[in-house]
Every structure is written in C-alpha cells, then in structure tokens.
Amino acid sequence: MLLVRQLFGASANSWARALIIFVLAWIGLVYVFVVKLTNTQGQQAAGESELNARRISQALQMLEHTRQRNEELKQLIDELMSDQLDKQSAMKLVQRLENDALNPKLAPEVAGPEPESMFESAPADLRGWNNVAEGAPNDLEAGVPDHGEFEPSLEYEFTRRRIQTNIAEIWNFFSSELGKVRKAVAAGHASADLEESINQVLLQGAEHKRSLLSDMERMRQSDGYEAWRHKEARDLSDLVQRRLHHLQNPSDCQNARKLVCKLNKGCGYGCQLHHVVYCFIVAYATERTLILKSRGWRYHKGGWEEVFQPVSNSCHDAGTANTYNWPGKPNTQVLVLPIIDSLMPRPPYLPLAVPEDLAPRLKRLHGDPIVWWVGQFLKYLLRPQPTTRDFLTSGMRNLGWERPIVGVHVRRTDKVGTEAACHSVEEYMTYVEDYYRTLEVNGSTVARRIFLASDDAQVIEEARRKYPQYQIIGDPEVARMASVSTRYTDTALNGIILDIHLLSMSDHLVCTFSSQVCRVAYEIMQTMYPDAAHRFKSLDDIYYYGGQNAHNRRVVIAHKPRTHEDLQLRVGDLVSVAGNHWDGNSKGKNTRTNQGGLFPSFKVEEKVDTAKLPLYAGI
C-alpha cells in the first residue's frame with residue numbers, strides 16, 4: 001500500500017508513474033493474447049482432427065487405388081513377358097498412371113458435379129424423349145461414394161451384370177420345378193402338408209430373389225463408378241450422334257453417295273421404324289447419306305417430315321444420278337435398298353453386330369450392346385417436330401404421369417394366334433407386382449402405378465376392374481384406334497407414338513418381345529440410362545431384331561445332357577440361341593455338333609458380334 005502511495009501520490013515522479021502504467025498495460029495485453037491464442041489453438045486442434053480424418057480417408061482410397069494399379073502393372077508385366085501386349089495398350093496404361101500421379105484428388109468430396117441429365121439434346125419439357133425424364137430416378141444419389149476419374153474394369157462390369165442375370169435364372173428354374181411339383185400335389189398325388197411346404201418354399205424363394213436383386217442394385221449405385229457410367233454413356237452417345245449428323249449433312253449433296261430407303265414397308269408402325277433403322281445402319285456402314293422416301297406414308301400421307309424432323313437438313317433427294325439396286329458397285333452413287341429379308345448378299349454389319357471401334361467401350365458399359373446401338377439410330381430419327389412434341393407433353397399431363405411407374409404393353413388383335421400366344425392380364429401383373437415388391441424389400445412403401453398400352457380397349461377396363469389397388473394410366477380410345485381397322489390414320493399414329501414414348505420412359509417394362517412396339521420402346525429406353533438392359537420382363541421372346549444374323553452365345557460351363565432333349569456343351573462352344581423358356585433353360589443349336597435342344601441358361605454368356613465400320617475420323 002505504501003508503495004502504491006509513493007508511486008501515485010502527489011510527490012511521485014511523473015515518469016515513474018507512466019512507466020508503471022505502461023508495464024501493467026503490457027502485462028494485460030499479453031494475458032489477453034495468451035488466452036486468445038489458447039482458444040484458437042483448441043479450435044485449430046479440433047479442425048485439424050477433422051481434417052486428419054478426411055486425409056486418412058483419402059489415403060485409404062489412394063492405397064486402394066494404388067493396389068488396383070499394382071494389379072494392372074502385374075498383369076502388364078505378365079503380358080509383356082509372354083509377348084501378348086501391343087504397344088498401344090502399354091502406352092494407354094502408362095498414360096493412365098501418369099494422369100493419376102498428376103491428379104491425386106481421389107476423395108469422394110472432390111468428385112465433379114452430378115450431370116443434370118443423361119443427354120442434353122432434347123427439350124427438357126419432353127421429359128425423356130431422347131433424354132432423361134424429369135423426375136426419373138437419378139442413380140447418382142447424394143452421399144453415394146464416387147471414384148470420380150476411376151473406371152471399372154470390363155471384368156467387373158461383366159461379372160456384376162452376369163450375377164444379376166443368373167439370380168433371375170436360378171429363380172426361373174426353382175419356381176418352375178417347384179410349380180410342377182405343386183401341380184402334382186394339387187392333383188392328389190401327395191399330402192396337403194407337402195403342398196403347403198412347397199408354397200412356403202416358393203414364397204420365401206421369391207422374397208430371397210427380390211432381396212438379392214435389391215442388393216445388386218444398391219451395389220451398383222454405391223460402388224463408386226456411377227459417375228463414370230453416366231459420363232461414358234453420354235460421351236458414346238454424343239460421338240454416334242455427331243457421326244450421324246455428319247453423314248446426313250454432306251458438304252456437297254449433289255455429288256454425295258446416297259442410299260435410298262422407302263418407308264412404306266407393308267407392316268405396322270414398329271416394323272416400319274425397324275426398317276428405317278436397318279436402312280440407316282447400312283448407310284452408316286457404307287458412308288452413304290440416307291434418303292428416306294416417305295411421301296404417301298400409310299400412317300401419315302404428308303410424310304415423315306411432318307411428324308419428325310427430317311433425317312437431313314441439306315440433302316433431301318437422290319438427285320438426277322442413275323440409281324442401282326443393292327449391292328451395286330463401289331462407285332455407284334445412288335443405291336436403292338430392299339427390305340432386310342430380301343437383302344442378298346448379307347453384309348456382316350447387320351444386327352446383331354456393333355461397330356468394332358465402339359465394341360470395347362460398349363461391352364464394358366452396357367449389358368446388351370446391340371440394343372444400345374439400335375437405340376442410337378432411333379434417338380436420331382425420332383426427333384419430334386414442335387407439334388409432335390407439344391402433343392406428347394400435353395398427353396403426359398392429361399394422363400397424370402408420375403413416377404415410379406411400370407410400363408405394360410398387351411398386344412392382342414392380329415398378333416394373337418399367328419405370331420404370339422395370348423397372355424392374360426394376370427400374367428403381366430404378376431411381374432408388375434414382383435417389381436414393386438422388390439422396390440419395397442427394405443420396408444418402404446411405394447405407390448403402385450402402371451401405364452397400360454394395348455390395341456384392345458377391353459384390356460384397360462379389365463385391369464382397372466381386377467386391380468383397384470393400382471393407379472392404371474391408359475387411354476381406351478387410343479387402344480381402340482390401334483385396332484386393325486383404324487390403325488392407319490393420323491389419330492392412330494399420334495396414339496402409338498404416345499404409347500411408345502410413355503412405355504420407353506417407364507422405370508420397368510413388362511410386355512412381349514414378339515411385339516415390335518415393345519422392342520422399340522425397350523430400344524429407346526436405352527438412350528435414357530447408362531444401361532437399361534435389365535429393365536424389362538418379356539413374357540415370350542428374348543430380344544431380337546427382325547432379319548438379324550445369328551444370335552450366338554459362348555459356353556462358359558460344360559453341360560452333360562440330363563435328358564434326350566438336352567444339348568451336350570463344352571467350354572468354348574458357340575450356341576445359336578432360339579429363345580429362353582424362362583424356366584432356367586434356353587433353346588438353341590450347338591454350332592460345333594449341329595445338335596439342337598435345351599441347355600441351362602446360366603452356362604453361357606453373350607457373344608458380342610462386331611464388324612469393321614467407318615471410323616469417321618475427326619468427328
């Protein structure tokens with residue numbers, strides 16, 4: 001106290017007083033600084049802890065990525081040692097490794113933004129016409145890990161799809177065999193307890209199958225490659241569309257080589273679309289501009305160009321040059337193409353072949369490359385005129401289109417009893433119900449909707465009566481106009497265009513592939529997803545293209561005949577497939593033994609046929 005009085009009293013020296021005040025103030029500032037620094041360090045420590053966690057996660061992913069690259073390097077070395085690797089493949093892998101070294105951003109949070117749509121060429125309000133539909137399920141879910149630049153191997157993608165297919169095939173087998181036993185039990189050949197046991201096995205087996213398929217779908221969505229699948233699908237489609245645009249718009253139309261295709265093939269709308277696609281494929285393969293002769297079209301007398309955009313912006317007719325029928329000569333300027341059934345000689349690039357230069361990418365991306373390939377031609381051809389687009393938009397709005405939804409196409413009238421068997425509404429709805437139960441396997445509840453298209457108006461009325469728990473969208477008037485007597489009118493054309501459009505936009509398709517309308521919808525569906533090969537259930541045929549070359553599958557598991565109906569198969573044999581019985585067995589002919597018969601569907605894999613086609617360099 002005495003010291004304070006001496007320092008601050010009247011007799012104290014002013015300089016001493018100032019010095020003491022300065023020291024005290026300095027001490028106070030130091031104290032405040034230390035407190036602030038301590039708090040800041042605590043916050044930084046917490047932030048660094050979170051940052052370290054992210055870095056550890058990145059490091060783990062980098063280690064996994066490095067492991068994958070090490071495996072590729074090992075394979076590369078093995079191939080080099082056995083002289084099986086060409087220089088181009090080696091350089092490609094080296095470039096990939098160098099790119100990875102220069103771009104270490106591997107963590108999910110640095111992945112690029114989600115694409116807003118699969119393809120951006122179509123108007124957004126069309127909701128799926130050659131585009132991803134508005135409201136369509138986006139596989140790039142928020143929070144799903146994404147490898148960004150990582151690419152899946154061909155083996156991984158092929159194996160994943162094969163497991164998905166074989167899950168369905170094993171269920172086909174067991175449900176068919178147990179169904180036979182159940183019928184025998186019901187006929188009085190066994191006890192009621194045994195019948196109940198079989199029913200329980202079927203119920204639990206179906207639930208198990210749905211669970212496995214749901215798991216496979218979640219695996220696809222969460223394996224980190226979904227961004228690559230969307231980008232690869234978009235890039236491949238853009239490449240093909242640019243090539244088609246280049247082909248169809250030559251700089252010198254008068255001297256351009258042309259291929260004339262007459263639209264009026266004597267068949268229905270789906271068949272005629274496939275006829276034009278076949279013409280377009282031949283035009284692509286021979287580097288000829290497609291000239292589509294459509295005046296007087298039986299569906300619309302004004303021709304194709306009044307419904308869809310012209311197939312060319314600058315080259316609309318064959319000109320004055322002499323025309324020659326197929327195959328003509330290499331220097332023939334204008335070539336006229338017959339229908340595919342009359343085409344002789346038959347070139348190797350007809351369906352089911354895909355271009356050799358695109359095949360490696362397509363086999364990795366898609367479960368059925370030929371369907372994707374056909375879908376790309378339909379994408380180019382079916383670009384709607386504004387009036388057609390407006391009609392489709394208003395049609396969807398008037399019907400109350402919502403997702404999720406299953407597209408169901410029931411073909412009756414002229415098909416039944418000639419080209420296809422009659423299937424009851426209950427058969428279609430069995431697979432619709434199975435689809436929705438698969439969606440609900442995790443305990444969620446999904447509104448059940450179907451879009452029902454048919455050429456028999458009574459089918460829509462019957463379905464609404466028998467299945468009131470479903471919201472059934474369909475127009476009986478469109479169905480009535482699709483009957484044989486009124487099929488070839490403008491109104492009927494609008495109806496079938498709308499039907500195919502909505503079927504192709506559905507999340508899943510239940511139909512008969514014996515119908516060309518159903519196959520066209522399935523082909524267009526491929527333009528809306530990276531891979532929609534499994535988004536269907538056909539009650540009869542497997543997918544085929546009318547007039548196609550042989551459909552071969554390669555044997556991967558040997559098979560010893562169980563009965564006199566079975567084929568004997570060796571690993572590596574080629575089987576020309578005739579169909580799937582949807583009971584675990586398919587029918588075909590072993591090309592080695594020339595023997596026809598049945599074989600287990602899971603013992604073969606698809607052989608993708610390829611053909612050397614123009615590369616359209618610089619496009």
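N594 is placed in the loop between β13 (residues 585-590) and β14 (residues 595-600). In this predicted model, phi of N594 is near 65 degrees, which is a positive value in a residue other than glycine. The relative accessible area of N594 is 55%. N594 is therefore classed as exposed, the cut-off for that class being over 50%.

A positive phi is also found at E287, which is not a glycine; the angle there is about 55 degrees. E287 belongs to the loop between α7 (residues 269-286) and β2 (residues 289-293). With a relative accessible area of 45%, E287 is partly exposed. This value lies between the 20% limit for buried residues and the 50% limit for exposed ones, so the intermediate class applies to E287.

Cis peptide bonds were examined next. One of them joins W326 and P327, with omega at about 10 degrees. P327 is located in the loop between β3 (residues 323-325) and β4 (residues 334-336). Another cis peptide bond runs from M344 to P345, and its omega is near -5 degrees. P345 is likewise a loop residue, in the segment between β4 and β5 (residues 354-355). Strand β4 thus borders the loop that holds P327 and also the loop that holds P345.

A helical position was considered as well. L392 is part of helix α10, which covers residues 386-399. The relative accessible area of L392 is 0%, and L392 is therefore buried, since that class requires a value under 20%. Along the chain, L392 and D499 are 107 residues apart, while their C-alpha atoms are separated by 9.6 Å in the model.

The chain as a whole was then described. Its secondary structure consists of 15 helices and 16 strands. The chain has 619 residues, and 46% of them count as buried; L392 is one of the buried residues. Contacts were also sorted by the distance along the sequence between the residues involved. Among contacts between residues at least 6 apart in sequence, 70% join residues at least 24 apart. The surface exposed by the chain comes to about 31300 Å². Carbon and sulfur atoms supply 55% of this exposed area.

Definitions and conventions. Residues numbered from 1 in each chain as written. Predicted model: local features only at pLDDT ≥ 70, side-chain atom pairs only at ≥ 80, totals over all residues. Heavy atoms only, no water. Helix = DSSP H or I, 4+ residues; strand = E, 2+ residues; numbered from the N terminus. Buried < 20%, exposed > 50% of the residue type's maximum accessible area, 1.4 Å probe, protein only. Contact = heavy atoms within 4.5 Å. Areas by Shrake-Rupley, 256 points an atom, 1.4 Å probe, with all protein chains shown as cover.
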